[in-house]
Every structure is written in C-alpha cells, then in structure tokens.
Amino acid sequence: MFRAGVKPDEITIATLLSSCDEKITRKDVCQVHTHITRLGFGSDLAVCNSLVDSYCKSQSLDLAVRLFEEMITRDTITFNTLITGFAKEGLNVPAIKLFSEMQYHGFRPSDFTFAAILRACVGLDGTTLGQQVHGLVVKSNFVDDVFIGNALLDFYSKHDYIEDMRRFFDEMPELDGVSYNIVITSYAWNGQLKESLNLFRELRLSKFSRRNFPFATMLSISANTQDIEMGRQVHTQAVMTTADTEIQVGNSLVDMYAKCGRFDEANVIFKNLAGKTSVPWTALISGYVQQGLNDEALKLFNEMRRNNVRGDQATFASTLRASANLALLSLGKQFHSCIIGSGFLSNIFCGSALLDMYAKCGSLKDAIAIFRHMPERNSISWNAMISAYAQNGDAKATLRSFEQMVQSGLQPDPVSFLGVLTACSHCGHVDEALQYFNTMAQTYKLAPRKEHYASLVDVLCRRGRFNEAESLMARMPVKPDEIMWSSILNSCRIHKNQEFAKKAADELFSLDVLRDAAAYVTMSNIYAEAGEWEHMAKVKKAMRERGVRKVPAYSWVEIAFKVHIFSANDRSHPLNEEIRIKINDLSEQMEEKGYKPDLSCVLQNVDDVMKAESLKYHSERLAIAFALISTPEGSPVLVIKNLRACVDCHAAIKVISKIVRREITVRDSSRFHHFKDGVCSCGDYW
C-alpha cells in the first residue's frame, strides 16, 4: 500500500491492528506505532485502543501501560483492553485497581469488563470480591448475558463453590456448550463423577456443537476410574466429530489408554500426535509407572530427552516415582540434579516426589532434609513425610508429623490417616490406631475407606486381638477383600491361630480371582509348621488345580549404577564363586557369635542339614554378600526384596551387620528394616 503511494487512514490502521493475534511480536507493534506517529494518528481513540490491545497481545504490558497513561482521551474499550491484558498475564491486583479507576472516572462496565474482572477474581485467594462483582453484574442488568454467566460459573467453580455454581447454572436463562463444559469439568475436578457423567449425558441431547464437547474431561474421568469401555465410547465420539485431532483431546487419549494399561493403543495415538510437547510424553511415562512398568517409564524418559523435549514438573514427579519403586538411589540423585538445573526444585510437587524417592530408597535423612528445605508445603508433602516415617517404622515421628500438619493449619485427609495407621501397625500401637481411626470420622468427618479398615484389622490381628478384629469386620460397611484376608492369614501364622486361619483361607480360596499364590503358600506354611504334612499337600494340590503359581522371591541391589538381581540359591551371577565364599565366611563368624538357623522357616520335608544349607542362600543374603564384596568397607548397603523377609534372614542380617560393622537396609514388601550393630529398627516386631 505504501509502495503504491496510497496513504492509510485511521480505519486502515485500526483494522490492521485488530486483525493481529497473539503471534504478533513486540518489534512488529513498535514498528506500526512509529508509522502511526508519523501519520499523525497518535491521538485517534480507535487507533490507540487497537494499539494498546496489540501491545497486550505481544506481552508488552509495560508499553501498553505507558501508551494508556499518555492517551488524552479514553473510553470503556480502553479500560477493558488493559484490564483484559492484566488478567491474561495473571496480574490480578493491577486489573482490580484499574477496574476501580474506571468506575471512579464514570465509565460504565460492559460485558467484556465483567468477563475480564471475573477472570482476575479467579486468580485471587478470596471470594469476597468476586461475589461483589456478581452483585454489580446483577445491578447492571448483565446477569442474563451467557458470556458473563459463564465467567461467573468459572469463578465459582475455580473457588470450589460447587453448590453455588450449580444453583447459578440452573438459574441461567440461556446456556451454551461452554456453560456445560465448565460445570462438567468442575464436577470432575472435585471428584463428583456421577454428577459430571449425568450432565454430560444431558449435553449430548442438546443442540450444541458436538465438536466442542468436553472430551478431554470425560477421558480424564475414564483414565482415573480405569473405565476402558467408557474411554473407548468417548474416543469414538471424538473421532466422529474430528475433535480427536485437537491437541488436548489427543493428549487425553494417550493418558486414558496408558492409565487403563492399554499401551498398544496409547502408543499408536502417541506416535500420530503432531508437535508433541512434554504433556503426552509425561502421560505415557506416568501410565507405565502406574502399571508397575518402571523400566519402560525410564526408557521412555531417555527417549524423550533424545528428542530434545524438555520435561516439566509432572515429568520429573513420574520419573522420580519410577526410581523410588525400583529403589535406584543413584538415578534418583541424577533426577534431583536435573530438577535443580530445570529450576523446579521449589515446586511443591517436585519437592514431594523427591522426598518420596529418598524415603523409598532408604535414605530417610535426605528425605527429611528435602522436607525441611521446602519453601512451602501442602497436604501432599506432609503426607509424603508421614508415609516416609511410617514405612520406616518410626511411629513416634509419624504421629508427631501428623500433629504438626494439623498445627500448620492443613486438614489431614484419608492419605494422612492411612500413614498413621500403617505406622501403628508396624509398631503394634493398637490404642493409638483405634484413637486416630475414631478421630478420622468423628473430628474430621472423613468416612474410612477399605484400606483404613484393612490397616486397623491388621493392627488388631498382629497383636493377637482376633475377636476385636472379627467384631470390626462385622460392623464395617465394606466387604473384606483379598488384602484384608491375606493380612489376617499372616497374623494367624504368627500367633498359631489355626482356626481363624482356616476361615481366612476359605474366604480367600472362594474368590474368583487371586492375585497370586500367597494365600495358598501361607496356609501350607501354617500346616507345615504344625507338622501337618497331609493338609499341606492338599493345599498345594488345590493350588495346582486352580493354576495359581507362587510368586518367586527375588532381591536386588544397585552397585555402580547397575542393578543386580538374585533369586534363592541363584548361581547365575558372574561373581557366584566369590559370593558363596563370602557367605560361607560369614556363616562361620555368625556361628561364633551364637547364631543358630531357624529351621522352621524351611517348609520342605527334608533333613535339618539341608534346611540349614538352603537358608544360607536366600535371595537377600546373596544380594548382601555381593554388596559386601563390591563396595568399600564401612559403606551402607541397600537391598530390595519383592516379598516379606523370613524370620531367619531377619535374625541373620542382624548378626551380619554387627560382624561387618555396616548399616544394612532391607526394604521388603511391607516396610524398611535398618540393621546396625546387631539391632533392627523394627525392634523385631514386623
């Protein structure tokens, strides 16, 4: 236009600026501003309003404010534009102040004003101002405007005023697809899945565009409930409306299939996503971790880095969880360094994940240090600390942390109480467990879940208080499951309660599906310890007939960034000879210290010599022996076992720790055991 010698007018300039979107740069706007000044349009209101808007879109609020202050005349549009710019950038207080200034100068708010100021109210902690704006909306006769109505719905939903949100939704004279989306999503975020699903069904019968349905929210519900059928139905609807091509829906599809354990489908969608950000990568990594496929999660993270995709807080939280599950302390420390380099160390979720990783890798000291240096804490970080103490069997510190959490002003949630009950179970604190269980319902109005009842039953049974446990089970509103009956069966073995053991075993054997053969093994062990070999044989026969297999015991230890896995009587390790020499050497020293093998731990009907010999080569002892010959003297040893350690190994490791003068930590399927100077942190109650 300039090259043709045609001079633009005010309308041309205003139209040019209005057509620009968020992709416009600061440099571009400054160049146009220069032309406006040269052309003499610097005092034109429409041009200046468009220029303020363009500065806001280019994230140049400093220049937008400077121009606003230099403008000779302003109108409602001028104020609306800058208020919106402030609100979009999260500068909520400046937005509120400008709104007040607007009213002071006598400018009447419009629908855009209210939408912008309500957006600013969403970003503020309190609700008083938003409710005042709601009152002003009513006085200004904008309450029937669906655009403003949706802004109010969003305000109430973001502040968890769910009842007020629904009441206002039902009173709105006009609704659109956005109205439904806000309420459906809010219900989902607050765990009111039934209400969310009902409203989605209502939306499907409406006249609104199906392409704009909240597919991402519905897929999130399917993922969190692991409802694959619902997820596939939503997927089909998204495909029919081509909504599956939208980035957010595509990411949600990956997340849904991954969390439902359908990795073939998840990977197909993942590979077809265009311009993948960290979100789908993290969704897939998180899905692998949730399904216990920790190695795959870590491999995918490495592939993500090779593709030059930068992880976010959620990515590191998931990879730390994988490291924690595998007890790979060295890898966890590498992630710690990455988090520091990425600037996420102060993030509350990364901090909580780090705490959890160190705790599950046996480094409680580092977990405590992370917790103490966190700039802020929420219920997740407190729960992580409570759980860390609980898993390490420190009931005193667990209860202290719980009380400190309450004193900090945070409300304990079901996870907090589960940590406390777990600690009480590990230490046999029955009275404390009963007290906190009652406090949960009576003081905090939290309905105990199945896992809370299971923990309390475990506390009672481990102390031999089977009558109280049966009474509790008769009263509880949930049906005992495999975990609860298995816990009872283990306690029956400890206390030689064969009668209750048979009842628990019958309940377990009547289940349609058992996760593994643990119940059969425990019951056969009870018979074996009682010398009832015929009954034991019958249990094993039933086990074979149902096709249930015993989960093999194995232990692993990380040495020089490499994981070494051992099974019982394993001879496959390259250093097998050296390991066995070390075990035999330790056995001689242990005998000198007075150690005698507990032959009752061997449940095969063989002679005592063979029983004693088999105990020497349990998986955790092989792992410990390998660690002792592969690490410097005096350095700590961490061994992980997939099952519960036997009584004899527990006694043996206490003696070994005294002989080698090292701290040996064993994390079995139920808790941590810290062995030092011949003593275990569990106090032999486990």
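**Stop 1: the second largest pocket**

The lining of the second largest pocket divides into 16 nonpolar, 15 polar and eight charged residues. Here Ala, Val, Leu, Ile, Met, Phe, Trp, Tyr, Cys and Pro count as nonpolar, Asp, Glu, Lys and Arg as charged, and the others, Gly among them, as polar.

Before you click on: this is a predicted model, in which local features need pLDDT of at least 70, side-chain atom pairs count only at pLDDT 80 or more, and totals for chains, interfaces and linings use all residues. Residues are numbered from 1 along each chain as its sequence is written, and side-chain values use heavy atoms, with hydrogens and water left out.

A pocket is found on a 1 Å grid over the protein atoms alone: it is an open set of points with protein on both sides within 12 Å along at least five of seven lines. A cavity is a set of points where a 1.4 Å probe fits but cannot get out. Lining residues have an atom within 4 Å of a point. Grid points are joined across faces, edges and corners, and a volume is the space filled by probe spheres set on the points.

The second largest pocket holds about 1200 Å³ of space. Select Trp189, Ala216, Ser220, Asn224 and Gln248: of the 39 lining residues, these are the closest to the pocket centre.

Now colour the helices. Helices (H or I, at least four residues) and strands (E, at least two) are DSSP runs, numbered from the N terminus. At least two lining residues come from each of H9 (146-158), H11 (177-189), H13 (215-225), H15 (247-259), H17 (278-290) and H19 (313-326). H13 gives the largest share, eight residues.

**Stop 2: zoom out**

Show the whole protein. Its secondary structure comes to 36 helices and six strands. Along the principal axes, the C-alpha atoms fill a box of roughly 105 × 55 × 50 Å. Of the 686 residues, 50% count as buried. Buried means under 20% relative accessible area, exposed over 50%, and partly exposed in between (1.4 Å probe, protein chains only).

**Stop 3: aromatic rings**

Select Phe301, Phe316, Phe335 and Phe344. Ring pairs link these four into a cluster. The count for the model is 23 aromatic pairs. Rings of Phe, Tyr and Trp (its six-membered ring) pair if their centres lie within 6.5 Å; planes under 30 degrees apart count as stacked, over 60 as edge-to-face and the rest as tilted.

Next, select Lys276 with Phe270. The charged end of Lys276 sits over the Phe270 ring, 4.9 Å from its centre. Then select Arg377 with Phe371. Arg377 lies over the face of Phe371, 4.1 Å from the ring centre. The rule: NZ of Lys or CZ of Arg is within 6 Å of the ring centre and within 35 degrees of the ring normal.

**Stop 4: two positive phi angles**

Most residues other than glycine have a negative phi. Here are two with a positive value.

Select Gln59. Its phi is about 60°. Gln59 lies in the loop between H3 (45-57) and H4 (61-70). At a relative accessible area of 60%, Gln59 is exposed.

Select Asn141. Its phi is also positive, near 60°. Asn141 is in the loop between H8 (128-139) and H9. With 66% relative accessibility, Asn141 is exposed.

**Stop 5: the cavity**

How many cavities of 30 Å³ or more are there? The count is one. The largest cavity holds about 60 Å³ of space. Select its lining: Ile583, Leu586, Ser587, Met590, Arg621, Ala625 and Ile656. H33 (576-592) and H35 (619-630) are the elements that give two or more residues. The largest share, four residues, comes from H33. By class, the lining has five nonpolar, one polar and one charged residues.

Follow the chain past H35 to Pro636, in the loop before strand E3 (637-641). Pro636 is exposed, at 65% relative accessible area. Add Arg661: the two are 25 residues apart in sequence and 9.5 Å apart in space, C-alpha to C-alpha.

**Stop 6: cysteines**

Which cysteine sulfur is nearest to that of Cys461? Select Cys492: its sulfur is 6.5 Å away, and Cys461 is in no disulfide. Cys461 is buried, at 0% relative accessibility.

Now pick Cys682. The nearest cysteine sulfur, that of Cys680, is 3.4 Å away, and Cys682 is in no disulfide. Cys682 is buried, with a relative accessible area of 9%. A disulfide is a pair of cysteine sulfur atoms within 2.5 Å. By that rule, the model has zero disulfides.
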